[in-house]
Amino acid sequence: MRIRNANIYTEEHRFVRGDVAVENGRFVSCTGDPAGEEAVVDVEGMYLIPGLVDIHFHGCKGADMCDGTKEALDVITSYEASVGVTSVCPATMTIPKDELLEVMKNAGSYEYSGGSHLVGINMEGPFISPAKKGAQAAENIMHCDYEYFSQLQKAANGLIKLVDIAPEEKGAMEFIEQCHDKVKISIAHTCSDYDTAREALEKGVGHMTHLYNAMPGINHREPGPIIAALEAGAEVELIADGIHIHPAMVRTTFRIFGADKVILISDSMEATGLLDGDYQLGGQGVTVKGRKAVLTKDPGVIAGSVTNLFDCMKNCVLNMGIPLEDAVLAATENPAESIGVEKDYGKIAVGNYGNLLLLDKDLQIKNIVQKGKIMSV
């Protein structure tokens, strides 16, 4: 297929007017040069950006990654594709060991049947701090266990791309030394101080899970893990749903970490795309009202989000003062590079899959293209 006269988001992270061409599901021309005599559609100046990549979310439309069924993954991949998230790396929760193993087996055997590509698994728990568990189930938290992780990775057919840990917990530093060259390790749900976080980063951690949430904040005498991550050049996740983080902190994070280190995530749960009501996350009851999800038994605890990644990206631009170019980078190429799938996903580049979103000037999705085929919107 060919698309003509678009404002193309290029590998230089800027918009250039031109054409793109996709053959056999992959880009063959995307430099802004004319792609040929024929065009599937002349879009006359609309934005053309890569399909989004969400590397941290739990579910949507009543389905959850931890349901551990093909049907749940079908629902997830179908919905995510429909809102412009063409590649997904859903997150597990801190659930019983045997159940987590079955979840990994289910994902590891999942075959693409349309919708979003399942490109990885984010293992959020059980290697976290009980004191910063958030919406995770305390009874299933455990210390880092290399043998157990290896068992899970084997069951997942190598699909685990991210493992979230609290570096201050017993066995965490040894786990980092054993695994940092096998999987991306992220600091998450932690009480870590600056020195401990810095040690973990020096040993091979390169990622921070939902920055600011479930971790110590910044203090001028106790700078904490956030400043350690900044100094180490780590990449950081942000939930820009307007609930988890104040817009001023979103702007500050882009400014001090740099747009190339920020990864927008949705952290969405099963209520996303549905009405207000009672749901669950990791076996715990969740009450959703408006744009906010909280634990039913503890309403002071936010339990994921009900906003998809495209709406988070759009919110950054329209309501938080983030340039479109930076927001697109943080929702496409950055997450793809973080989990090592950037040669196939997250960029409009020759050889990558032809996954595209066509947006109007108001950032409304007009068309979604998956492997060069137009999907209905």
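**Entry 1: strand β15**

I began with strand β15, residues 235-239, in what is a predicted model, and I found this strand mostly covered, with five of its five residues buried. I then asked which residues of β15 lie on each side. Glu-235, Glu-237 and Ile-239 are on one side, Val-236 and Leu-238 are on the other, and I noted that both faces are covered, since all of these residues are buried. For my own reference, side chains in a regular strand alternate between the two faces of the sheet.

**Entry 2: the neighbours of β15**

Next I looked up the pairing of β15, beginning with strand β14 (residues 207-208), which pairs with β15 in the parallel sense over two bridges. Within this pairing I located His-207, which stands opposite Glu-235 in β15. Following the chain from β14 to β15, I passed through helix α6, residues 224-232, and I recorded this β-α-β crossover as right-handed.

I then turned to strand β16, residues 262-265, which runs parallel to β15 and is joined to it by four bridges. The bridge partner of Glu-237 in β16 is Ile-263. The chain reaches β16 from β15 through helix α7 (residues 247-257), and I entered this β-α-β crossover, too, as right-handed.

**Entry 3: the whole sheet**

I wanted to know in what order the strands of the open sheet are arranged. The sheet has six strands with parallel pairing, and I wrote their order down as β11-β12-β13-β14-β15-β16. The edge strands are β11 (121-124) and β16, each of which pairs on one side only. Elsewhere in this sheet I checked strand β12 (residues 160-165) and strand β13 (residues 184-187), which run parallel and are joined by four bridges. There I noted Asp-164, which stands opposite Ser-186 in β13.

**Entry 4: the largest pocket**

Last, I looked up the largest pocket, in which about 220 Å³ of space lies. The lining comprises 19 residues, and those closest to the centre of the pocket are Ala-135, His-189, His-210, Asp-267 and Ile-302. Which strand gives the most to this lining? I found that strand β20, residues 298-305, does so, with four residues. Sorting the lining by class, I counted eight nonpolar, eight polar and three charged residues.

Note on methods. Residues numbered from 1 in each chain as written. Predicted model: local features only at pLDDT ≥ 70, side-chain atom pairs only at ≥ 80, totals over all residues. Heavy atoms only, no water. Buried < 20%, exposed > 50% of the residue type's maximum accessible area, 1.4 Å probe, protein only. Pairing = 2+ DSSP bridges. Right-handed = clockwise from strand over helix to strand, strands pointing away. 1 Å grid on protein atoms, 1.4 Å probe; cavity = no way out; pocket = protein on both sides within 12 Å on 5 of 7 lines; lining within 4 Å. Points joined across faces, edges and corners; volume = space filled by probe spheres on them. Nonpolar A, V, L, I, M, F, W, Y, C, P; charged D, E, K, R; others polar.
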